[in-house]
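Trainee: I'd like to learn how to read helix packing from a model. Could you walk me through it?

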Amino acid sequence: MPQVRIACTAAEQTMKGSKRQRIILSMSSGNETMCRSILPKRILASLPAHENIYTIPNLLTFSRLIAAPIIGYLTIHEQHVAALALFSYAGATDLVDGWIARKWNLQTVVGTVIDPMADKTLMTVLTVSLAMKEAMPLPLAVLILGRDVLLSIAAVYYRYISLPPPKTLARYWDFSLPSAEVHPTGISKVNTALQLGLIGWTMGTMAVGGDLGWWGPEGALKAMWYLVGSTTIWSGASYIYTKDAVKVLTSRKAK
């Protein structure tokens with residue numbers, strides 16, 4: 001504790017430039033916590049905030065991330081009933097985690113990132129799996145995957161530019177250190193729901209032994225392909241023209 005107090009005092013006395021910040025950031029997270037209790041408020045505003053990421057909603061979201069490759073494996077190996085059951089679990093957690101976070105005030109910045117990440121991971125895995133089984137048209141699969149790749153590149157970029165210094169690899173992957181919030185656009189939410197609906201519909205048909213070859217579907221399911229393709233393009237463009245889709249946090253907002 002005395003060493004921490006000395007370091008904090010040195011940081012407090014060094015009020016210019018980034019030297020003060022480097023002294024504070026060089027301490028371990030535990031020491032940083034103690035330092036926060038010592039330093040005055042005028043210095044605390046510049047410290048990067050950490051948040052508790054080990055919440056029930058985040059754990060449910062992580063379970064959805066883990067379930068995604070398993071569902072893809074089951075689909076490719078034609079275990080359609082098991083794949084549909086696990087897909088239903090993933091859909092249920094997608095609804096429940098947000099409700100729990102709102103009801104018990106467990107929202108986290110990292111949750112705004114990993115929740116859409118889990119959705120997109122599930123969507124990517126199943127899009128590839130269904131395209132391999134010729135249950136989804138290849139052009140539609142390429143469109144869905146292309147949009148997600150572009151959004152993933154944008155997410156990596158925004159995480160880097162919004163991360164408080166020093167920009168190290170360890171700090172980049174420290175999701176308890178929030179730097180930017182992602183707010184899905186309205187059409188993006190609609191598109192995700194339609195994509196998941198299409199996949200669920202397709203998997204359900206496969207589970208009961210329906211024919212879903214390239215020319216097999218008629219009527220509503222084929223129309224769904226065109227609808228999902230249209231909303232995929234629209235939702236991707238919405239992140240470009242929507243002002244608050246990605247919000248870089250200041251040190252005060254991060255707290």
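**Reading helix packing**

Mentor: Sure, and bear in mind that this is a predicted model. Start with a pair: helix 8 and helix 11 (residues 220-241) pack with their axes 10 Å apart, at an angle of about 15°.

Trainee: Are helix 8 and helix 11 roughly parallel or antiparallel to each other?

Mentor: Angles under 35 degrees count as roughly parallel, so helix 8 and helix 11 are roughly parallel to each other. Their crossing is left-handed.

Trainee: Which residues meet there?

Mentor: Helix 8 brings L140, L143, I144, R147 and L151, and these meet residues of helix 11 including W225, V228, G229 and Y239. By class, this contact has eight nonpolar residues, four polar and one charged.

Trainee: How do helix 7 and helix 8 cross?

Mentor: The axes of helix 7 (residues 109-132) and helix 8 (residues 138-162) come within 10 Å and cross at roughly 155°. Over 145 degrees counts as roughly antiparallel, so that is how helix 7 and helix 8 run relative to each other. This crossing is left-handed too. In helix 7, K120, M123, T124, T127, V128 and A131 meet A141, I144, L145, R147 and D148 of helix 8.

Trainee: What about residue spacing along a helix?

Mentor: An α-helix has 3.6 residues a turn, so residues three or four places apart point the same way. Now take helix 6: its buried residues are H80, A83, F87, A90, T93, D97, I100 and A101. They pack against helix 5 (56-76), helix 7 and helix 10 (186-207).

Trainee: And what comes just after helix 6?

Mentor: N105, with a positive phi of about 55°.

Note on methods:
Residues are numbered from 1 along each chain as its sequence is written. This is a predicted model: local features need pLDDT of at least 70, side-chain atom pairs count only at pLDDT 80 or more; totals for chains, interfaces and linings use all residues. Side-chain values use heavy atoms; hydrogens and water are left out. Axes are lines fitted to C-alpha atoms, for helices over the stretch in contact, and angles run from 0 to 180 degrees between N-to-C directions. Helices (H or I, at least four residues) and strands (E, at least two) are DSSP runs, numbered from the N terminus. Angles under 35 degrees count as roughly parallel, over 145 as roughly antiparallel, 65 to 115 as roughly perpendicular and the rest as oblique. A crossing is left-handed if the near helix is turned anticlockwise from the far one by less than a right angle, and right-handed if clockwise. Contact means heavy atoms within 4.5 Å. Buried means under 20% relative accessible area, exposed over 50%, partly exposed in between (1.4 Å probe, protein chains only). Ala, Val, Leu, Ile, Met, Phe, Trp, Tyr, Cys and Pro count as nonpolar, Asp, Glu, Lys and Arg as charged, and the others, Gly among them, as polar.
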